[in-house]
Amino acid sequence: MKAINLAIGLVLATVAVPSLAGQEVNVYSYRQPRLIEPMLDGFTEGTGIKVNVLYAKKGMLERLKSEGVNTPADLIFTVDIGRLSDVKSAGLTQAVNSDTLDANIPDSQRDDEGHWYGLTQRARIIVTSKDRVNVDDIQSYEDLASDKMQGRVCTRSGKHAYMVGLTAMMISYHGEPEAEQWATDLKANLARKPQGNDRAQVKAIKEGECDVAVINHYYMFNMLNDPKQVPWAESVNVIFPNQADRGTHMNISGMAMSKYAKNSENALKLMEYLASGKAQQMYSEINGEYPVQEGVEWSEQLKMWGDFKRDNLDLTDIAAHRGAAIKLMDRVGYDN
Amino acid sequence: MSETGAKTIGAPTLKKRFRVDFWQVGSFLFAALAVLPVLAIIWLALFPEENIWPHLISTSLPGYIKSTLILMLGVGVSVFLTGVSTAWLVTHYEFPLRREFEWMLLLPLAIPAYVIAYMYTDLLEFAGPVQQLLRSVFGWELARDYWFPNIRSMGGGILMMGLVLYPYVYLLARAAFLEQSPNQFEASRLLGNSQFKSFLKVSLPIARPAIVVGVALALMETLNDFGTIDFFAIRTLTAGLYDVWLGMGNLGGAAQIATTMLTFVILLLSLEYFGRRRQRFYQSGQRFKAKTRMQLPGRRAWWLTLFCAVPVIAGFVIPVSLLVNLSIDYFDVSWTPRFRQYALNSLLLSGLAALFAVLIALLITYTRRLNRNSRRMLFVSRVASLGYAVPGAVLAVGVIIPFAAWDNWIDALARQWLGFSTGLLLSGTIFAVVFAYVVRFLAVSIGSIESSLSRVSESMDMAARTLGYPAHKVLTKFHLPLIKGGILTAGMVVFVDSMKELPATLILRPFNFETLATYVYQFASDEMIGESALGALFIVLAGLIPVIFLSRTISRSNVVQSTRETI
């Protein structure tokens with residue numbers, strides 16, 4: 001009986017905490033707690049402000065919408081430009097004015113009206129088998145669809161946000177018909193039905209099922225930090241595509257302030273902290289992501305890959321083509 | 001009211017007119033609450049962002065439908081064969097370890113489908129031990145050097161889901177076989193029918209309602225699964241639904257797909273119902289006459305042991321061993337002292353959900369019986385079961401909408417009349433999570449209790465009511481002892497299912513609140529299988545507690561069981 005009382009007490013305590021007004025800030029996060037906890041702990045240590053986190057994916061937007069003016073959320077953390085522009089266009093965010101944010105985050109990495117701010121960048125890179133691929137054969141996303149790659153390419157599902165973002169980028173550079181041709185040819189080059197996450201593609205290269213894959217760069221970073229997965233990562237070369245022309249496709253993780261934030265002062269403090277040099281460096285050290293703030297020291301691994309030309313296509317342009325991209329993937333039957 | 005009042009078993013018609021029937025009012029109320037999220041989804045389906053169907057029909061819809069049907073057919077056949085055959089063996093044959101297998105056959109229920117999928121992928125994929133061994137024996141090097149069945153395929157998906165879902169059928173079929181009077185079966189044997197023919201012609205038809213409930217539950221679970229099919233790249237309707245909702249940002253379109261799936265399930269179930277509407281099976285008297293189990297001669301009995309061992313080994317022993325193995329390898333990165341709290345949270349939420357699901361199911365099922373299975377009560381019990389036919393994340397949105405609307409309404413009233421804000425009272429509390437569990441799993445408890453209660457002859461109610469017992473006394477004094485097994489089964493399955501539930505927990509929970517399932521998810525969602533293993537192991541272990549405890553209670557409560565020694 002005691003155990004049950006204790007359990008109920010503990011649960012009630014967790015429920016009650018956010019409703020007590022105190023020094024705190026409430027975050028709805030699409031990002032896994034383990035990826036942001038170190039930064040949030042750093043913030044709480046420095047300011048004494050407690051950060052409450054709700055992590056979820058499917059339905060977060062609907063929860064925010066339905067809760068309306070009474071939502072406890074002060075901040076929204078998310079990955080992918082699509083989600084950031086979704087929360088903005090749903091009218092769930094507010095414009096934030098902060099000189100600190102403006103100084104730390106470059107123009108291209110934040111919303112014109114200040115509704116969302118990028119925190120880190122992730123590059124969509126190409127990896128190739130060290131043994132079986134001549135890196136000169138594949139230097140751009142366009143090369144993925146070339147005849148030389150027949151039966152050799154692996155990717156995750158074409159409906160996943162990262163593949164949709166890539167396709168949306170192709171649409172905004174080449175127009176829809178040409179992008180569709182590219183996706184059709186890429187589909188024809190696939191070594192297997194799209195499956196698994198980005199890490200699984202690297203593993204498949206190590207195992208000889210495929211020769212070439214498209215992945216987000218930090219998966220390489222993560223594999224190099226897991227003793228069991230180091231051999232996978234070491235079986236591939238890393239290529240930053242399209243260095244000769246527009247640069248490598250980048251997506252972002254970012255933050256936005258909820259329209260009905262109750263702790264907006266604390267929320268702003270947290271935003272500024274996450275854009276600060278210290279937190280930005282932690283993102284690079286712990287998660288292997290590229291800091292948006294220029295001049296922040298990169299982690300050793302990122303330094304080893306070196307600087308590269310980034311595609312500076314307007315992120316909202318990519319967001320705008322997402323719907324077309326996912327339908328295009330349906331038409332070419334990418335996942336079949 | 002008066003019309004149904006007249007139908008009520010043994011109730012005086014005159015008195016009835018002046019009395020509110022609390023049984024029916026209660027049933028209506030809870031059924032209405034349970035169907036609220038489904039109604040919210042249907043409401044959403046009326047307002048799509050754009051008409052999604054022309055695009056879907058011309059592109060992926062035929063593929064979605066095809067793979068959905070193949071998957072459901074495959075899983076349906078698999079759970080039926082495994083569940084019914086093992087249930088039949090443990091109830092009608094005597095063989096070594098039979099008593100142990102009675103509960104061990106339930107064990108795979110504790111394993112989430114996506115976890116078993118991960119474990120078998122680890123075992124059977126290219127880098128796994130099986131293929132490594134083959135390569136070292138035959139001198140192959142790359143995957144293209146030889147052929148090996150790909151576990152990440154339709155066949156693999158059917159196999160995985162069949163392994164963890166057959167216990168639904170086993171549980172209900174076993175309970176039905178146990179409650180069957182041996183008289184009919186013996187009569188069939190005396191008439192010269194073989195053991196197998198008597199099973200086919202007598203026992204199976206009597207157990208049909210229970211088996212159908214079991215298979216239907218397994219199929220709905222299959223229809224709504226996302227974790228496994230996503231990992232195995234099987235593109236079912238559920239995958240399409242998530243594409244439309246999250247990829248194209250069209251919640252209304254997704255709700256339309258959900259509504260279509262719902263209609264499909266309702267059609268399927270009503271077909272079955274009409275198929276047997278004229279049949280009704282009751283136990284004839286002397287239920288507790290000792291049942292003789294057939295003893296196969298000598299070594300042949302071990303074949304039965306082996307047969308029952310296959311699903312237990314494949315569905316539990318192998319995946320759990322792999323899980324233990326991984327947990328040890330990754331212990332340092334995955335152990336957190338907070339596991340204790342997460343486990344407590346999981347146990348508390350699941351316990352509450354099981355309790356409420358059983359109470360509400362009892363109320364609705366018994367009211368239906370009181371009203372002699374009136375059409376109205378049939379409708380009520382079916383409507384209350386709809387939550388199971390909707391994918392978890394969609395159902396969660398269906399919970400969010402009415403809860404937030406209610407909270408905001410109360411808040412607006414308070415602001416207007418009392419001058420202060422109440423904020424959100426129900427949204428984002430554990431109440432919302434438990435509510436979602438109950439809505440989602442009510443079908444399980446209704447199905448189990450209903451199939452149990454339907455086997456108790458109605459002449460018993462009539463006799464009891466004639467003797468002057470009021471309705472609730474009949475339930476507590478006569479029915480409860482008889483259907484105890486069905487009730488415990490219902491509670492156990494809801495409990496274990498709630499332990500594993502993920503999408504609704506994730507989105508409805510309060511801040512800083514983790515259950516074992518949500519904790520595992522943050523790694524599993526990234527296919528970080530090693531890091532998620534320890535948490536998954538905890539889910540399995542916590543799910544085992546009720547499985548073992550309750551299956552023992554079921555065994556003990558069964559008088560037939562205790563006479564075994566005297567045979």
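**Domains, contacts and burial in a predicted two-chain model**

The C-alpha centres of domain 1 of chain A and domain 2 of chain A lie 28 Å apart in this predicted model.

Trainee: Which residue ranges make up domain 1 and domain 2 of chain A?

Mentor: Each domain is assembled from two stretches of chain A. Domain 2 takes 122-249 and 312-331, while domain 1 takes 22-121 and 251-297.

Trainee: Which element gives the largest share of the side of domain 1 of chain A that touches domain 2 of chain A?

Mentor: The contact draws 13 residues from domain 1 of chain A and 15 residues from domain 2 of chain A. On the domain 1 side, at least two residues each come from α4 (81-89), β5 (116-129) and β9 (250-258) of chain A. The largest share there is three residues, and the element that gives it is α4(A).

Trainee: How many residues of the side of domain 1 of chain A that touches domain 2 of chain A are polar?

Mentor: By class, that side has three nonpolar and two charged residues. The number of polar residues on the side of domain 1 of chain A is eight.

Trainee: Which element of chain A gives the largest share of the side that touches chain B?

Mentor: Between the chains, 49 residues of chain A are in contact with 48 residues of chain B. Two or more residues of the chain A side come from each of α1 (2-16), α2 (33-47), β2 (50-55), α3 (60-67), α8 (198-206) and α15 (322-331) of chain A. The largest share is six residues, and its source is α1(A).

Trainee: How many charged residues are on the side of chain A that touches chain B?

Mentor: The residues on that side include 18 nonpolar and 15 polar ones. The number of charged residues is 16.

Trainee: Are α6(A) and α7(A) parallel or oblique to each other?

Mentor: Helix α6 (residues 161-174) and helix α7 (residues 176-189) of chain A have axes 7 Å apart and pack at an angle of about 135°. An angle over 145 degrees would count as roughly antiparallel. The two helices α6(A) and α7(A) are therefore oblique.

Trainee: Is the crossing of α6(A) and α7(A) left-handed or right-handed?

Mentor: On the α6(A) side, the contact uses A:Thr167, A:Met170, A:Ile171 and A:His174, and these meet A:Glu176, A:Glu178, A:Ala179, A:Trp182 and A:Ala183 in α7(A). By class, the contact has five nonpolar, two polar and two charged residues. The crossing of α6(A) past α7(A) is right-handed.

Trainee: How many residues of the contact of α7(B) with α15(B) are nonpolar?

Mentor: Helix α7 (residues 113-124) and helix α15 (residues 300-329) of chain B pack at about 80° with their axes 9 Å apart, and are therefore roughly perpendicular. The contact is made by B:Val115, B:Ile116, B:Met119, B:Tyr120, B:Asp122 and B:Leu123 of α7(B) with B:Pro319, B:Leu322 and B:Leu323 of α15(B). No residue of this contact is polar and one is charged, and the number of nonpolar residues is eight.

Trainee: Why is α13(B) largely enclosed by the rest of the structure?

Mentor: Helix α13 of chain B covers residues 237-247. Its buried residues include B:Leu237, B:Val244 and B:Trp245. The helix is largely enclosed because the number of buried residues among its eleven is ten.

Trainee: Which residue is 211 residues from B:Leu44 along the chain, with a C-alpha separation of 6.1 Å?

Mentor: B:Leu44 sits in helix α3 (residues 22-45) of chain B and is buried, with 22 other C-beta atoms within 10 Å. Leaving aside neighbours within four places in sequence, its contacts are B:Leu251, B:Gly252 and B:Ala255. The residue at that sequence separation and distance is B:Ala255.

Trainee: Is A:Tyr219 buried or exposed?

Mentor: A:Tyr219 lies in helix α9 (residues 217-224) of chain A. Not counting residues up to four places away in sequence, A:Tyr219 touches A:Asp198, A:Arg199 and A:Val202. The cut-off for burial is 20 or more other C-beta atoms within 10 Å. With 24 such neighbours, A:Tyr219 counts as buried.

Trainee: What is the phi of A:Asn242?

Mentor: A:Asn242 is in the loop between β8 (236-239) and β9 of chain A. This residue is buried, with 22 other C-beta atoms within 10 Å. Its phi is positive in a residue other than glycine, near 55°.

Conventions:
Residues numbered from 1 in each chain as written. Chains lettered and ligands numbered in written order. Predicted model: local features only at pLDDT ≥ 70, side-chain atom pairs only at ≥ 80, totals over all residues. Contact = placed C-beta atoms within 7 Å. Helix = DSSP H or I, 4+ residues; strand = E, 2+ residues; numbered from the N terminus. Nonpolar A, V, L, I, M, F, W, Y, C, P; charged D, E, K, R; others polar. Axes fitted to C-alpha atoms, helices over the stretch in contact; angles between N-to-C directions. Parallel < 35°, antiparallel > 145°, perpendicular 65-115°, else oblique. Left-handed = near helix turned anticlockwise from the far one by under 90°. Domains from an automatic or database assignment. Buried ≥ 20, exposed ≤ 12 C-beta atoms within 10 Å, placed from the backbone.
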